[in-house]
Amino acid sequence: MSELQMFSEELGTFNQSHVLQFWNELTEEQKAELCGEIKEVNVAEVCSYFQRAMETLNRDQSKLDDRMEPIPPELYGGVHRSTSEELKSYRDEGFLQISEGKVAVLLMAGGQGTRLGVSYPKGMYDVGLPSHKSLFQLQAERIRRLEDLAYNRTGKRSNITWYIMTSEATMGATKEFFKIHNFFGLNENNIVMFEQGVLPCFTFDGKIIMDEKWKIARAPDGNGGIYRALRDRKILDDMEQRGIKYLHAHAVDNILVKVADPVFVGYCVQKKAECGAKVVNKVSPQEAVGVICKVDGQYQVVEYSEITSKTAEKRTIDGKLTFSAGNICNHFFTTEFLRKIANDVERSLQLHVAKKKIPYVDVSGQRQKPDKPNGIKMEKFVFDVFPYADRFVIWEVNREEEFSPLKNADTAEKENPTTCRNDIFSLHRHYIQDAGGLVETNGTPVICEISPLVSYAGEGLEKVVSQKKLKPPVLLKTSQEESVCSNGYTK
């Protein structure tokens, strides 16, 4: 049986014969491309995915109120829930694990900056800081500073491996960006990039959508696709070969993220957690953010839309929201847990459905752009593994110190370049004030930026700013960094 006959038989079995309907019109090159795509797509599996996805879409989304419980206090740590001695213990533990090479970063960076109005990977975006550093550069330099801090604390030098999940659309540009910038001072061998998977798009009646006569319409499988990608791209093997035991996973768009946060890592290690999540306190019952809680005895994220206002407004005896643990896509995993998920759980993870306007080729072979949703894209979410953790913990942090996502262009009211920039300025000004310095305001917005190579989280600034008045705009940089004093910035 020829390869074409095999494909035709398989597609026919699952009512997808239309994938080959234009075969006789294709060039040899186009035929080869289509065959390659069919090989990559496990037709039986993706059709079963569609069935499960539609069951989820059509399921009665009854409210979860009566089944929800808050996280038990013994598994709910945080900056304000811990003593100074406990925080020091967690931090020391984190630095110890970093110095022994057991900690890595798992960055989810598959998104393009479409909502920002750009066509390149979001990690390349410059929000307009005085240094004009991109999100990628800020995070790379936090890793470099952390490696130095761990060495200074322990006397042992090691590296933090940086695993970066891109997508088909962003891999090339991301690789080139890192190469052009000399990997931001990191060792190229400690930066491992890999692509997340894609899934075919389907019509509402279960037909695979064709983007061209020879090309299947496919979309990234969501940040929850990271588990399959870790297995299929042999990243888990790489982690195990390097002796990595703990991963800090986060999205690329949080400009305030404490990459490989030693306190968070140390807390999770000491609690013997195999999975953990950072959270911020919800600012109000109505804030449209998912909360982490227990449902039917299992940990999960419940979206704001899934509960009633009455439940969202519930408060404890001390007046705090009962369900306040706002999810910020910032997680801890053990390598062992990731292996368990990839091997045993990934195939059964929940599928989330998004109705979209998906360009398609009609029966006459003409490509159409619909003006209303005509199909679905399926994706998995990174937090859908929480129910599978035998030991799960959460760690609450201050929003103004650790969470400022970049989602939108400045035409939106929030989560835009201006809010990200101002959040950096505000945090860094507080760092300087906490170190005994003063940034003059004169009633105007204060421009204040500290290079991650100078300070990871406010440490070590006393010798630089104590008893000093700094006139904005302020930019603190290391002597090795390019001087910008000609622009009027304080160095």
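The following legends describe close-up views of a predicted model.

**Figure 1. Domain layout of the chain.** The domain assignment divides the chain into domain 1 (3-57), domain 2 (61-414) and domain 3 (418-476). Between the C-alpha centres of domain 1 and domain 3 the distance is 57 Å.

**Figure 2. Helix 4 and its surroundings.** Helix 4 comprises the 16 residues 84-99, for which a rise of 1.5 Å a residue predicts a span of 22 Å; the end C-alpha atoms are 22 Å apart, so the expected and modelled spans agree. Buried positions of helix 4 are L87, Y90, E93, G94, F95, Q97, I98 and S99. The elements covering these buried residues include strand 3 (103-108), helix 5 (135-154), strand 11 (246-251), helix 9 (262-270) and strand 20 (392-397). After helix 4 comes G101, which has a positive phi near 75 degrees.

**Figure 3. The aromatic pair Y90 and Y267.** A search of the whole structure returns 16 aromatic pairs. In the pair shown here, the ring centres of Y90 and Y267 are 5.3 Å apart and the planes meet at 80 degrees; because an angle over 60 degrees counts as edge-to-face, the pair is assigned to that class. Y90 belongs to helix 4 and Y267 to helix 9, so that the pair links distant parts of the chain, 177 residues apart. The relative accessible area of Y90 is 7%, and Y90 is therefore buried. Y267 is also buried, with a relative accessibility of 1%.

**Figure 4. The aromatic pair F136 and F177 and its cluster.** The ring centres of F136 and F177 are separated by 6.2 Å and their planes lie at 45 degrees, so the pair is classed as tilted. Because F136 is located in helix 5 and F177 in helix 6 (residues 171-180), the pair ties together parts that are 41 residues apart in sequence. F136 and F177 are both buried. One aromatic cluster is formed by F136, W162, F177, F178 and F184.

**Figure 5. F184, a cluster member with positive phi.** Although F184 is not a glycine, its phi is positive, at about 55 degrees. F184 is placed in the loop between helix 6 and strand 5 (191-195). The relative accessibility of F184 is 5%, and the residue therefore counts as buried. F184 shares its aromatic cluster with F136, W162, F177 and F178.

**Figure 6. Charged side chains over aromatic rings.** Over the ring of Y151 sits the charged end of R157, at 4.6 Å from the ring centre. In a second view, the charged end of K213 sits over the ring of F22, with 5.5 Å to the ring centre.

**Figure 7. The environment of A173.** A173 is part of helix 6. With a relative accessible area of 33%, A173 is partly exposed, because this value falls between the limits of 20% for buried and 50% for exposed. Y120 is 53 residues away from A173 along the chain, and the C-alpha atoms of the two residues are 7.2 Å apart. Apart from neighbours within four places in sequence, the contacts of A173 are P121 and M124.

**Figure 8. Nonpolar cores.** The largest nonpolar core contains 89 residues, and those with the most contacts inside it are L106, W162, Y163, I292 and F386. Leaving out residues up to four places away in sequence, Y163 touches A104, V105, L106, L107, V192, F194, I235, D238, M239, R242, I244 and L247. A second, separate core of 27 residues has V118, L256, I432 and L470 among its members.

**Figure 9. The cis peptide bond between P472 and P473.** P472 and P473 are joined by a cis peptide bond with omega of about 5 degrees. P473 lies in the loop between strand 23 (469-470) and strand 24 (474-476).

**Figure 10. Backbone conformation at E415.** E415 is not a glycine, yet its phi is positive, at about 55 degrees. The loop between helix 12 (399-402) and helix 13 (417-434) contains E415. The relative accessibility of E415 is 26%, so this residue counts as partly exposed.

Definitions and conventions. Residues numbered from 1 in each chain as written. Predicted model: local features only at pLDDT ≥ 70, side-chain atom pairs only at ≥ 80, totals over all residues. Heavy atoms only, no water. Domains from an automatic or database assignment. Helix = DSSP H or I, 4+ residues; strand = E, 2+ residues; numbered from the N terminus. Expected span 1.5 Å × (residues − 1). Buried < 20%, exposed > 50% of the residue type's maximum accessible area, 1.4 Å probe, protein only. Contact = heavy atoms within 4.5 Å. Phe/Tyr/Trp six-rings, centres within 6.5 Å; stacked < 30°, edge-to-face > 60°. Lys NZ or Arg CZ within 6 Å of the ring centre and 35° of its normal. Core = buried A, V, L, I, M, F, W, Y, C linked by side-chain atoms within 4.5 Å.
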